[in-house]
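Me: I would like to learn how to read the contacts between chains in a model such as this one. Could you take me through it feature by feature?

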Amino acid sequence: MAKTNPGRFFEDYTVGEVIDHAVPRTISGGERALYHALYPMRHALYSSDEFARDCGLSAAPIDDLAAFHIVFGKTVPDVSLNAVANLGYAEGRWLKPVWQGDTIRSQSEVIGVKQNSNGRTGVVYVRSRGLNQRDEVVMEYARWVMLRKRDMDAPAPETVIPELKKSLEPSDLVIPDGLDFSSYDFTLAGEKHRLSHYEVGETIDHVDGVTIEEAEHMMATRLWQNTSKVHFDITARPDQRLIYGGHVISMARALSFNGLANAQIIAGLNGGAHANPCLAGNTIKAWSEVLDKAETAAPGVGAIRLRLVATKGGAPFELKGPDGKYLPDVLLDLDYWALMPV
Amino acid sequence: MAKTNPGRFFEDYTVGEVIDHAVPRTISGGERALYHALYPMRHALYSSDEFARDCGLSAAPIDDLAAFHIVFGKTVPDVSLNAVANLGYAEGRWLKPVWQGDTIRSQSEVIGVKQNSNGRTGVVYVRSRGLNQRDEVVMEYARWVMLRKRDMDAPAPETVIPELKKSLEPSDLVIPDGLDFSSYDFTLAGEKHRLSHYEVGETIDHVDGVTIEEAEHMMATRLWQNTSKVHFDITARPDQRLIYGGHVISMARALSFNGLANAQIIAGLNGGAHANPCLAGNTIKAWSEVLDKAETAAPGVGAIRLRLVATKGGAPFELKGPDGKYLPDVLLDLDYWALMPV
Amino acid sequence: MAKTNPGRFFEDYTVGEVIDHAVPRTISGGERALYHALYPMRHALYSSDEFARDCGLSAAPIDDLAAFHIVFGKTVPDVSLNAVANLGYAEGRWLKPVWQGDTIRSQSEVIGVKQNSNGRTGVVYVRSRGLNQRDEVVMEYARWVMLRKRDMDAPAPETVIPELKKSLEPSDLVIPDGLDFSSYDFTLAGEKHRLSHYEVGETIDHVDGVTIEEAEHMMATRLWQNTSKVHFDITARPDQRLIYGGHVISMARALSFNGLANAQIIAGLNGGAHANPCLAGNTIKAWSEVLDKAETAAPGVGAIRLRLVATKGGAPFELKGPDGKYLPDVLLDLDYWALMPV
């Protein structure tokens with residue numbers, strides 16, 4: 001039998017199974033510097049230990065999306081190596097900051113399975129979590145993917161579809177211990193807009209754009225130890241390498257600094273769709289829509305719910321066509337909660 | 001009103017104003033490793049903690065030009081986002097080494113304004129400085145840029161043109177505390193040439209070349225949190241992305257190791273011109289001319305004033321045409337002071 | 001006389017001479033993060049401090065091949081700047097792990113010279129070693145290169161051909177102090193295959209592929225301060241930049257994780273041939289053959305001797321044609337010893 005990992009197929013998942021994913025990773029300043037070289041990140045809380053201390057933290061944590069990518073990457077060999085499609089995310093929560101020196105590993109629990117009516121594919125739902133060296137859960141999220149069956153004659157499992165929230169409630173969000181925005185420095189943060197300046201329904205065109213290069217998306221994706229062949233091997237698909245959807249998420253989040261500089265911390269991921277494939281040569285731009293606002297118990301800290309849309313062309317604020325489908329230039333439609341000074 | 005940063009226009013600057021720039025940054029070994037991956041840096045004092053200790057320092061500092069880029073990048077959103085041209089630098093001085101663990105922020109004082117006779121643009125002079133977490137100035141430089149007016153009918157301000165030295169005097173240079181080249185290891189440094197081996201007027205062809213890639217110049221420019229659109233967004237200019245002038249400076253400085261390996265520390269920037277745009281695909285080569293030599297008070301430490309020229313073709317040592325203009329293959333003409341064993 | 005380094009020619013080497021190479025380097029988490037961004041590295045012992053501690057080490061060392069590249073890169077200006085060909089490696093041994101914070105320098109002893117019958121070139125054999133800041137040898141290897149003569153009339157030196165082992169014996173391998181695989185975590189390591197699961201003669205197709213980019217191989221090669229012009233300057237060769245052979249070695253080793261995840265530590269390099277040039281755009285794949293197996297004195301630690309072949313096309317397990325020459329799609333044929341749980 002081959003010693004290489006063939007990946008799992010639909011019938012290999014059982015509801016309740018817990019998968020411990022391989023290759024823990026210790027984080028250093030190197031990961032942070034690379035994250036800032038690969039994306040135009042400027043959120044001050046993640047760039048400056050001093051700024052983070054002035055907000056009540058012990059140092060600047062690793063970017064929340066870098067933490068997500070680290071956790072996500074480890075799940076790929078066990079969850080999505082044979083995925084036909086990455087269908088959705090829900091209930092993503094950042095529970096503890098990830099610090100330099102932390103070692104992160106990942107674990108997934110199978111929380112749902114549903115064979116498709118074609119009998120050849122099925123949907124698997126997992127709840128994945130990242131744990132640090134103290135076995136504290138640093139983040140968690142639900143994700144569902146469509147997988148091929150290995151054996152078309154394998155019987156359909158009992159359908160289990162987990163109940164997943166359309167959106168996290170503000171009370172679901174976990175605020176980092178000690179976070180205090182009451183003496184927040186808006187000048188050093190780069191913008192003067194606080195939560196009260198944003199209106200629900202408001203849209204923001206983030207203006208800036210970045211043209212994507214093969215070398216950059218591969219370095220990013222490799223750094224997270226994501227092993228999906230289509231991102232690296234030009235012979236694995238008919239045309240170009242497909243860019244890891246997380247690369248688009250991070251790029252759009254970084255671009256959103258221009259207009260949302262004070263949406264410092266990502267605390268919750270409500271949902272997300274990779275609307276169209278992203279390829280090298282695309283120029284990514286981004287726009288946001290304010291979906292909700294809320295208070296939190298931490299001093300000076302509010303929560304803002306945002307839709308973040310990444311595009312590779314077209315006008316800002318256009319999302320779907322008359323048929324209800326994403327327009328062809330839309331790459332990403334992400335729904336998340338961020339923490340911002342009130 | 002849009003929440004994104006539209007940048008400042010000529011009439012937005014008042015002489016005497018001090019601008020605190022956003023997004024401080026904490027430096028780690030990650031920034032250093034990236035700097036050495038992006039440029040063929042080999043100066044031993046910045047590569048080896050042990051070598052730096054043998055020269056009287058506590059560890060290897062961050063490269064002087066990396067420190068410059070960090071300080072410079074932060075000024076872009078407030079100074080040069082709408083710049084038509086980056087006209088010049090003067091009086092650049094490195095005042096304190098930047099160490100791993102330091103957090104750097106930037107500040108600029110407007111020191112001059114002059115509306116152009118066309119009434120549509122003007123020149124703004126700033127003195128920018130980088131400060132560490134102890135509020136010590138780590139470096140400073142004057143820079144002047146040409147900016148558009150927002151409102152063509154805005155009245156011209158009173159012209160103020162600062163007095164800037166054509167070149168720093170050796171006595172203006174600040175030697176890092178404790179620097180001592182009296183037991184300098186020429187073998188580990190890579191060349192045997194000391195200050196007394198160089199003659200004023202001598203020229204050095206640095207021989208090596210590097211062909212520039214889009215991914216690399218974007219990673220470098222992003223790492224310094226420079227937000228100028230033309231470096232990243234292929235749709236922002238008619239042809240290719242324009243490469244950040246600082247990328248050319250760092251590349252040329254790194255190439256100058258071959259012949260100037262012992263010009264370890266950049267202590268002063270007398271002036272500099274980005275003679276022609278640099279684009280991906282260009283092959284950068286460099287040559288130097290010795291402009292001056294001086295003693296310093298530190299044991300075994302001398303100063304060498306160098307012209308550093310980067311080219312994308314043509315023969316070394318050719319700089320300007322009969323019309324007094326830079327030849328089309330010249331990218332950079334930089335005038336700086338470096339510290340070298342006597 | 002030019003101050004730049006012209007490199008050495010065949011007649012500049014004398015058997016017994018020891019060359020101290022320039023530019024020591026202090027390693028941080030930055031180098032590790034870059035190594036993991038440039039190659040799809042997943043070996044847990046080098047990714048996680050916690051995993052390394054569970055194997056008896058104090059932390060995750062720098063990847064063995066990164067240590068090799070650091071040592072090798074420093075030798076280039078003195079050994080192979082004028083090389084016509086890199087002919088072979090032998091007797092490579094990793095003697096001490098390299099840790100973050102270590103400063104590495106390199107030294108080579110000339111151990112053989114042989115002028116070729118054409119009178120215009122010759123072969124130089126060196127034994128290179130890397131030393132840390134405590135003057136401990138961290139690794140060593142023999143290498144031989146073909147060099148041009150500067151002066152065709154220079155007399156041929158007495159021929160000295162060193163005796164080099166075709167392959168290291170298991171007893172030649174040095175096991176890192178404290179290494180203990182007796183409570184090895186196969187789940188976190190990513191595969192369940194231990195030494196006893198591999199048969200001598202067994203071949204493994206590592207399945208995954210990576211398409212190579214110019215920016216990546218240049219960043220890697222620069223990080224190791226390798227100054228060979230052909231890797232960086234498109235004008236130095238008739239066609240494309242030639243990719244550093246070490247880039248292919250690291251890429252193939254990283255790809256070999258899939259099937260050899262538990263071949264954690266490279267302990268010996270028996271030999272290696274760069275069979276054909278690698279250029280940007282090539283898609284590298286890899287296969288391995290088990291050549292030998294052995295016990296070691298360390299608890300739970302065995303040794304596996306592997307042939308690692310990198311290709312840019314063609315079928316796995318094809319190496320040479322009927323003429324005994326490497327097939328045109330073979331890039332690398334490497335013979336090494338790795339340490340693996342028994």
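Reply: What follows goes from the interfaces to the symmetry and then to single residues. This is a predicted model, in which local features need pLDDT of at least 70 and side-chain atom pairs count only at pLDDT 80 or more, while totals for chains, interfaces and linings use all residues. Residues are numbered from 1 along each chain as its sequence is written, chains are lettered from A and ligands numbered from 1 in the order in which they are written, and side-chain values use heavy atoms, with hydrogens and water left out.

Me: How many residues of chain B are in contact with chain A, and what area do the two chains bury between them?

Reply: The size of an interface is often given as the accessible area lost when the parts come together. With contact meaning heavy atoms within 4.5 Å, 32 residues of chain B touch 45 residues of chain A. The buried area (accessible area, 1.4 Å probe, that two parts lose on being put together, summed over both) is about 3,000 Å² for chain B and chain A, with 57% of it on carbon and sulfur atoms. For chain C and chain B the buried area is likewise about 3,000 Å², and here 32 residues of chain C are in contact with 45 residues of chain B.

Me: Which salt bridges cross between chain B and chain A?

Reply: A salt bridge is a side-chain nitrogen of Lys or Arg within 4 Å of a carboxyl oxygen of Asp or Glu. By that rule there are five across the interface of chain B and chain A, and one of the bridges between chains joins B:Asp233 to A:Lys285, with the closest N and O atoms 3.6 Å apart. Another salt bridge pairs B:Arg222 with A:Glu216 at 3.2 Å, N to O. This pair runs from helix α6 of chain B to helix α6 (residues 214–223) of chain A, where helices (H or I, at least four residues) and strands (E, at least two) are DSSP runs numbered from the N terminus. Buried means under 20% relative accessible area, exposed over 50%, and partly exposed in between (1.4 Å probe, protein chains only); B:Arg222, at 1% relative accessibility, is buried, and A:Glu216, at 0%, is buried as well.

Me: How are chain B and chain A related, and why do the copies meet through different surfaces?

Reply: Copies are superposed by least squares on the C-alpha atoms of residues with pLDDT of at least 70 in both. A turn of 120° and a shift of 0.0 Å along the axis lay chain B on chain A with an RMSD of 0.0 Å. The two copies are therefore related as by a three-fold rotation axis. Only 12% of the interface residues of chain B are also interface residues in chain A, so the copies meet through different surfaces.

Me: Which residue of chain B comes closest to the axis, and is its helix buried or exposed?

Reply: B:Gly30 comes closest of the residues of chain B, its C-alpha lying 2.2 Å from the rotation axis. B:Gly30 is among the buried residues of α1(B), a helix that is mostly covered, with ten of its ten residues buried. At the N-terminal end of α1(B), B:Ser28 acts as a cap, with a side-chain oxygen 2.9 Å from the backbone nitrogen of B:Gly30.

Me: What does a salt bridge within one chain look like, for example that of C:Glu140 and C:Arg93?

Reply: The closest N and O atoms of C:Glu140 and C:Arg93 are 3.3 Å apart. C:Glu140 lies in strand β6 (residues 137–148) and C:Arg93 in strand β3 (residues 83–94) of chain C, so the pair ties together parts that are 47 residues apart in sequence. C:Glu140 is buried at 14% relative accessibility, whereas C:Arg93 is partly exposed at 22%.

Key
A polar contact is a pair of N or O atoms within 3.5 Å; within protein, one must be able to donate a hydrogen and the other to accept it, and residues adjacent in sequence count only if both atoms are side-chain atoms.
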